[in-house]
Structure formats: structure tokens, C-alpha cells
Amino acid sequence: MNDKNVIWITGASSGIGRSLALKFANEGWVVAASARRENLLQELHNENENIHSFPLDVTNVEQCKTVFDDIIKKFKNIEICVFGTGIHDPKSEKSFNLDKIRKIMEVNYFGTMNSINSIYEYFINKKSGQISIISSVAGYRGLPAAGAYCASKSALTSFTESLQFEMRRINVRVSLISPGFIKTPMTDQNDFPMPMIKSPEFAAEQIYIGLIKKKGFEIHFPKTFTYFLKFLKILPHAIYFKLLTIGYKK
Ligand SMILES: NC(=O)c1ccc[n+]([C@@H]2O[C@H](COP(=O)([O-])OP(=O)(O)OC[C@H]3O[C@@H](n4cnc5c(N)ncnc54)[C@H](OP(=O)(O)O)[C@@H]3O)[C@@H](O)[C@H]2O)c1
């Protein structure tokens, strides 16, 4: 029987998920770390033995269930799930590309749905704990040359808002993580200046505080950037499009 708190993080091999795994492990949590690249998960384990590798491709619904069963078998409990798997392909967004749109939706949206599917009954019966979804400020509104990514994130954001209604009634906290720009292999692909970009360690710290020390629904950061995007979100279309078109031309 494990007497430490257990967190399951998907997307843990790189970027935000990797830093988050290390943050929780350094705070004494047992971390079940999932992603496809097993060698990177093993490196994480070597760095901190509180981190345990559970390789997973989230597009495989059956594998999600098996990995969840394996985690429960090993640790008997999961207190927090952070589903953070995501992909972005800025090159493919420059023109309409149906295959890429489907792929992004398959990983970002349905991959997260497959993950939620694997833990849903567990949390319904447990009646405590937390489910947290990493979406993005890109889910607030359509951004230029990011249609597939924005659509996948706005679908995730809406789903997470809905999920919190049913989970709140049974004492399970659902939260939404909306990062601004964070320097990771994902954003390294971008060929434009990213305002107020922060490190993955900064993101991990903010997420840790949001999950452990606060109780709100949305964990968003860095605040100056995210509040600006929240302001853009409430503007009428005509003004929003004008402002973004000016920014896009620069
Ligand atoms: N960086 C930012 O500025 C930013 C801003 C807002 C939101 N986000 C979101 O934050 C999350 C993490 O992004 P990141 O920037 O840290 O990117 P990243 O470094 O590229 O990490 C993405 C993670 O997702 C995993 N992954 C991708 N496809 C997978 C699949 N089919 N099955 C399982 N795991 C898969 C990758 O691991 P494997 O390749 O080993 O499978 C990796 O661990 C994403 O959801 C992203 O949309 C990022």
C-alpha cells in the first residue's frame, strides 16, 4: 500500500509536463508519468525515483484503460490527474490541411477524452480528488494561422467547463490550465516573436500552486498576458479582427 499522494501526468516526457512531473516529485509526490517516448520517461525516473514510467499513446483508447489499471495496481490510488498531451504543427496551419486538422484533434481533443474515459468511473466512485486539463489561451478565440490548434483547445476548454458541473456535485475538483507562451519543443517550432514567453519551470510552479494551494477553476499564466487575451475575448468581432490583423501583419 502506498502512503504518498499519487499524481498521473500525461505529456510528461517533455516541456510543461516534464517540469510538472519533476516539481511534484520534488515535493514528495509519487508521479505516474505517461507519454510515448519511454526513454525520456526513464531519464525522468533516473533524475527522481518518485517518478515512474507508464508509456502511453493517448490516441489508443484501450491502452489508456490498461495504463490506468496498471497505475492503480501499483499505487492503489490516484489523487490528481493532469492530462497535458498536446501537439501543434504551425507549418501545416498556413493553409487548409484536413489530415493535419484530424491529427491535431485526435491527439489534443480525443486523446484527452480517451484519458478522461479511463478514470471517469474511478473518480465517480472515489468522490474526491482532482482532474485537470491542459488547454491553452489559444482556446479563447480563433487566432491567425492556428485554426486546428485553436479549435482543439476551445473544444477542450468547453468540455472541461461542462465536466466540472457533474464532478463538483460529487466533490471532485475539475480545473482548466490555460498557459500563455512557454518555451518548449512545441513553441520552438514557431517562427514569430512570442510575447512574455516563460520557462517550463515557471509553468510547473504556477500549475503546482493552482492545484495544491488554490481552489479556482482556471489556472492561467503569465497573468499580464492571459488577462490581455481575456480582454480580447470579450471584444466584438469587428474590433477583434482589426486588432489581430494589425498584429498579424507586423
Ligand atoms: N508551450 C506553450 O506555449 C503552450 C501554451 C499553451 C498550452 N500548451 C499546452 O501544454 C501541453 C504541453 O505542451 P508543451 O509545450 O510542453 O509541448 P511538448 O514539449 O511538445 O510536449 C508535448 C507532450 O505531449 C506528448 N504527446 C504528444 N502526442 C502524444 C500521444 N499521442 N500520446 C501520448 N503523449 C503524447 C509528448 O510526448 P511523446 O512525444 O513522448 O509522446 C510530450 O510529452 C500541450 O497540451 C500544449 O498544447 C503549451
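**Terms and Values in a Predicted Model**

User: Why does Lys 23 count as buried?

Analyst: Lys 23 has a relative accessibility of 16%, so it counts as buried (buried means under 20% relative accessible area, exposed over 50%, and partly exposed in between, with a 1.4 Å probe and protein chains only). The model is a predicted one, in which local features need pLDDT of at least 70 and side-chain atom pairs pLDDT 80 or more, whereas totals for chains, interfaces and linings use all residues. Residues are numbered from 1 along each chain as its sequence is written, and side-chain values rest on heavy atoms, without hydrogens or water.

User: What makes the pairing of Lys 23 with Glu 27 a salt bridge?

Analyst: The closest N and O atoms of Glu 27 and Lys 23 are 2.9 Å apart. The term requires a side-chain nitrogen of Lys or Arg within 4 Å of a carboxyl oxygen of Asp or Glu, so the pair qualifies. Glu 27 itself is partly exposed, at 40%. In general, side chains of opposite charge can pair when their charged atoms come close.

User: How do you know that Lys 126 and Glu 79 tie together separate parts of the sequence?

Analyst: Their side chains meet in a salt bridge of 3.2 Å, N to O. Lys 126 belongs to helix α4 (residues 98–126) and Glu 79 to the loop between α3 (61–75) and β4 (80–83), so the parts joined are 47 residues apart in sequence. Helices (H or I, at least four residues) and strands (E, at least two) are DSSP runs numbered from the N terminus.

User: What makes Asp 89 buried and its partner Lys 100 partly exposed?

Analyst: The two form a salt bridge, with the closest N and O atoms 2.9 Å apart. Asp 89 lies in the loop between β4 and α4, and Lys 100 in helix α4, so the pair ties together parts 11 residues apart in sequence. Asp 89 has a relative accessible area of 19% and is therefore buried, while Lys 100, at 34%, counts as partly exposed. Elsewhere, salt bridges with shared partners join Lys 23, Glu 27 and Glu 205 into one network.

User: How do you know that the backbone of Ile 182 makes a polar contact with the ligand?

Analyst: A polar backbone atom of Ile 182 is 2.7 Å from an oxygen atom of the ligand. A polar contact is a pair of N or O atoms within 3.5 Å, so the value meets the limit. Gly 84 offers a backbone N or O atom at 3.0 Å from a ligand oxygen, and a polar backbone atom of Gly 11 is 3.1 Å from one. The protein covers 95% of the 880 Å² of accessible area that the ligand has on its own. Two or more residues of the shell come from each of α1 (15–26) and α5 (147–168).

User: Why is Asn 171 called exposed and Lys 127 partly exposed?

Analyst: Asn 171 has a relative accessible area of 55% and therefore is exposed, whereas Lys 127, at 47%, is partly exposed. Asn 171 sits in the loop between α5 and β6 (173–179), and Lys 127 in the loop between α4 and β5 (130–134). Neither is a glycine, yet phi is positive in each: near 70° for Asn 171 and about 60° for Lys 127.

Definitions and conventions. A polar contact is a pair of N or O atoms within 3.5 Å; within protein, one must be able to donate a hydrogen and the other to accept it, and residues adjacent in sequence count only if both atoms are side-chain atoms. Accessible areas come from the Shrake-Rupley method with a 1.4 Å probe; for residues, only the protein chains shown count as cover.
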